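Work through the following exercises with the sequence and the coordinates at hand, and compare each step with the worked solution beneath it.

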Amino acid sequence: MKYSHHIGFLYKVTVRCHPIAMSVPCLLSRAARSFTLLGASGVLLHRFRVLCPCSITRHFCCLFRKMSSRRQMDHLERTASNYRQDGVYPAQVCGIMDESETVKRLRLAVHPDFTFRAGQWVDFFIPGMEKVGGFSVCSSPGLLQKEGVIELAVKYTQHPPAHWIHTKCTMDSHVAMRVGGNFFFDPLPSDPSVDLLLVAGGVGINPLYSILLHAADLLRQNPTNAGRGYHIGSTHLCYSAKNTQELLFKKSIINVCKEFPEKFSCDFHITAQTADIDQELQPYMNRGRLSEGGLRCHVDPNTTLCYLCGPPPMIESVVQTLLSLGLSQERILFEKWW
C-alpha cells in the first residue's frame with residue numbers, strides 16, 4: 001500500500017457546466033492542464049501539470065507533515081493508516097441539492113482517470129483552505145462510468161470543509177479529490193457469492209448506499225447469474241436515523257427493493273419522531289433502535305458479509321450483537337465516523 005500527502009491547491013480550468021442543478025458536465029479532459037498550487041496563506045508555491053502525484057509528493061510531503069503536526073486530530077490523521085491512491089484529481093461542482101434540512105448532495109465532474117470502489121471516501125481539498133475534508137462517496141461506480149461524475153452527501157457542521165460546502169460552494173466551484181479507504185465492496189466474477197447485510201446510522205448511510213447501488217448494478221449486468229459476472233446473493237439494509245426526514249436516499253432505496261424484491265430488502269428505524277409516518281414509508285418503518293431480533297433473521301454465519309458505518313457507539317453495539325449471533329469477525333467490516 002502506498003501513502004501520499006498533499007495540501008490543498010487552487011487550479012484553473014476552462015470547462016463550464018450547465019447551470020441546472022444535477023446537470024451532466026462537459027468532460028474535464030478539456031480542462032486546462034496548468035494548475036497553481038497555493039499554501040494556506042495564499043502564497044504561490046509551485047506550478048505543475050495535471051496528475052503528477054509523484055512530484056507533488058516529493059515537493060510537498062514534508063511541508064504537509066509540518067502543517068498537520070500543528071493541527072488537532074483530523075480526517076488525515078485519523079485515516080493515516082488507510083490505503084490512499086497516489087493521484088489528486090481536479091473536480092468541478094455541477095450539481096447541488098438539499099438531500100435533507102441538514103445534508104447537501106454535491107455532484108462533481110471528475111477527471112477521466114479518477115476511479116473508486118463502492119464504499120470508499122475521498123480527501124476533499126478546497127482551494128485556499130488548510131483543512132482537508134473526508135467524505136464518503138454515495139454514488140455508484142456505475143454512475144462514474146456512465147456520466148463521469150460522483151456524488152457526495154455532506155451534513156452541516158462547523159468543520160471548515162463541511163461548512164464551506166453548505167455556505168460557499170456554488171455551481172462550477174473547483175476542488176480536488178484523492179480516493180482512499182479499505183472499506184469497500186468490489187467483488188471479482190470468480191469470488192464466492194455472499195449475502196450482504198448493510199447497517200447504517202445517520203450519514204453513515206453514504207458508503208453503504210454506494211455499495212447497495214453497486215450490488216444492484218451487478219445484478220442488472222448479470223440478472224440470471226448465468227456465469228458472465230459476479231453471482232449476487234441477497235442484500236438487506238438496516239438504516240437508523242432520528243426521523244424520516246433524516247433518512248437519506250429513502251425513496252431510491254425503496255425503488256431498488258421494488259425492482260428486485262427477491263434480492264433486496266430494507267428496514268428503516270427512527271429513534272426520535274413522534275409525528276405520523278408517511279404511508280409510503282410505513283411498510284419499511286420501525287420505531288426505536290436496531291435490535292438483536294431485527295438482525296437475527298438476516299444473519300447466516302456461512303454466507304453473510306456485514307458492512308457497518310455510523311457513530312462509534314452504534315458500531316460497537318452492533319458488532320457485539322453480530323458476534324453473539326455467530327457471525328465471525330472476518331465477516332464484519334466497519335467504518336466509524338466521528
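**Exercise 1.** Determine how many bridges join strand 5 to strand 8, and whether the two run parallel or antiparallel.

*Solution.* In this predicted model, strand 5 and strand 8 run antiparallel and are joined by 7 bridges. To fix the register, take arginine 105, whose bridge partner in strand 8 is alanine 153. Then consider accessibility: strand 8 is mostly covered, since 6 of its 7 residues count as buried, where buried means under 20% relative accessible area.

**Exercise 2.** Identify the buried residues of helix 4 and the strands against which they pack.

*Solution.* Begin with the helix itself, which spans residues 160–167 and has Pro161, Ala162, Trp164, Ile165 and His166 as its buried residues. Next, follow their contacts outward: these buried residues pack against strand 5 (103–110), strand 6 (121–125), strand 7 (133–136), strand 8 (149–155) and strand 9 (174–180).

**Exercise 3.** Establish the strand order of the open sheet that 6 strands form, and state which strands lie at the edges.

*Solution.* The order is 13-12-11-10-14-15, with parallel pairing. The edges are strand 13 (285–287) and strand 15 (332–336), each of which pairs on one side only. From one strand to the next, the twist averages 15°. Within this order, examine strand 10 (residues 195–201) and strand 14 (residues 304–310), which run parallel and are joined by 6 bridges; here valine 199 stands opposite leucine 308 of strand 14.

**Exercise 4.** Describe how helix 5 and helix 8 lie across the strands, giving an angle for each.

*Solution.* Helix 5 (residues 205–221) lies across strand 10, strand 11 (235–241), strand 12 (264–270) and strand 14, and runs at about 155° to strand 10. Helix 8 (residues 312–324), for its part, lies across strand 10, strand 14 and strand 15, and its angle to strand 14 is about 160°.

**Exercise 5.** Find which residues touch the most other members of the largest nonpolar core, and which element gives the most to that core.

*Solution.* The largest nonpolar core has 44 residues, and Ile205 and Ile253 touch the most other members. Two or more residues come from each of strand 10, helix 5, strand 11, helix 6 (250–259), strand 12 and strand 14, and helix 5 gives the most, with 10 residues. Looking at isoleucine 205 in detail, and leaving aside residues up to four places away in sequence, one finds that it touches Ala200, Leu237, Tyr239, Leu248, Phe249 and Ile253. Apart from this core lies another, of 25 residues, including Phe116, Val154, Trp164 and Ile165.

Methods: Residues numbered from 1 in each chain as written. Predicted model: local features only at pLDDT ≥ 70, side-chain atom pairs only at ≥ 80, totals over all residues. Heavy atoms only, no water. Buried < 20%, exposed > 50% of the residue type's maximum accessible area, 1.4 Å probe, protein only. Helix = DSSP H or I, 4+ residues; strand = E, 2+ residues; numbered from the N terminus. Contact = heavy atoms within 4.5 Å. Pairing = 2+ DSSP bridges. Axes fitted to C-alpha atoms, helices over the stretch in contact; angles between N-to-C directions. Core = buried A, V, L, I, M, F, W, Y, C linked by side-chain atoms within 4.5 Å.
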